[in-house]
Amino acid sequence: MADFVSDTDTLIRYREDEPVDHAAVTVDSFLDQSNASAVRVEPGDDARELIPHLERLALVEVNFPAFGDGRGYSSARLLREAGYEGELRAVGDVLVDQVAYMRRCGFDAFEPDAALNEADLETALSRWPEVYQPAADSRTPIWAKRHA
C-alpha cells in the first residue's frame, strides 16, 4: 500500500501516480463519447456499463451523497474485480469510519466533503489487522491463514 499522500486539503490518495487533473463526466456522457477518461458514478448508475471501457479510464469517482448510502461500495468492488486498475476515488459524504471498508472494496483515493484528520485516518486503517472474508483488496482472510 502506498503511503498517505494529501494533494489538497481534502484529497487523500494511496497511489503513487499523478492524480487526474480534469473533470469527470457522468456515466451517460462517458458512454456517448470516446475521448473521456474520467467518469463519476452516482448511486443510481450501473457501474457494469463501464466494464467494456476500463482500458480508457484513468479515474472513476464514486459519489456518496450521504454516508448511509452504501451502493458505491458495490460499484467499487465490481469495477476492481472486473480488472480496473486506475484511480478509484470515493467523493462526497465520506467519513473516517468508512475508509477502511472502502479500501477493502478497492478505493485508493478519497475526496470527502470535509477534511479528514490524518492521525484518525491512520488509526482507522490499522485498527483491524486481520479480515474475515475476501474482498477486492489483496488481504488474506484469517481463516485462510489458519488453514494454510
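Is Tyr 14 buried or exposed? Select Tyr 14 and check: Tyr 14 is buried, with a relative accessible area of 6%. Keep in mind throughout that this is a predicted model.

**Stop 1: the ring pair**

Keep Tyr 14 on screen and add Phe 110. The two rings form an aromatic pair, edge-to-face, with 6.3 Å centre to centre and 80 degrees between the planes. An angle over 60 degrees counts as edge-to-face. Now colour by sequence position. Tyr 14 lies in the loop between strand S2 (12-13) and strand S3 (25-26), while Phe 110 belongs to strand S7 (residues 109-112), so the pair ties together parts that are 96 residues apart in sequence. Phe 110 is buried, with a relative accessible area of 0%.

**Stop 2: a second partner**

Add Phe 107. Its ring centre is 6.4 Å from that of Phe 110, and the planes stand at 40 degrees, so this pair is tilted. Phe 107 and Phe 110 are both buried.

Widen the selection to Phe 64 and Tyr 73. Together with Tyr 14, Phe 107 and Phe 110, these residues form one aromatic cluster. How many aromatic pairs does a search of the whole structure find? The search finds 4.

**Stop 3: charges over rings**

Return to Tyr 14 and show Arg 103. The charged end of Arg 103 sits over the ring of Tyr 14, 4.5 Å from its centre. Then jump to Phe 30. There the charged end of Arg 56 sits over the ring, 3.9 Å from its centre.

**Stop 4: strand S5**

Phe 64 from the cluster leads to the next selection, strand S5 (residues 59-64). Of its 6 residues, 6 are buried. In a regular strand the side chains alternate between the two faces of the sheet. Show the S5 side chains face by face. Leu 59, Glu 61 and Asn 63 are on one side, with Val 60, Val 62 and Phe 64 on the other, and all are buried. Both faces of S5 are thus covered.

**Stop 5: the neighbouring strands**

Switch to the backbone and select strand S4 (residues 38-41). S4 runs parallel to S5, and 4 bridges join them. Which residue in S5 is the bridge partner of Val 41? Val 62 is that partner.

Next, select strand S6 (residues 87-92). S5 and S6 also run parallel, joined by 6 bridges. Look for Asn 63, which stands opposite Val 91 in S6.

**Last stop: the crossover**

Show S5, helix H2 (residues 71-81) and S6 as a cartoon. The three make a right-handed β-α-β unit.

Terms used: Residues are numbered from 1 along each chain as its sequence is written. This is a predicted model: local features need pLDDT of at least 70, side-chain atom pairs count only at pLDDT 80 or more; totals for chains, interfaces and linings use all residues. Side-chain values use heavy atoms; hydrogens and water are left out. Rings of Phe, Tyr and Trp (its six-membered ring) pair if their centres lie within 6.5 Å; planes under 30 degrees apart count as stacked, over 60 as edge-to-face and the rest as tilted. Helices (H or I, at least four residues) and strands (E, at least two) are DSSP runs, numbered from the N terminus. Buried means under 20% relative accessible area, exposed over 50%, partly exposed in between (1.4 Å probe, protein chains only). A charge sits over a ring if NZ of Lys or CZ of Arg is within 6 Å of the ring centre and within 35 degrees of the ring normal. Two strands pair if DSSP finds at least two bridges between them. A crossover is right-handed if, with the strands pointing away from the viewer, the path from the first strand over the helix to the second runs clockwise.
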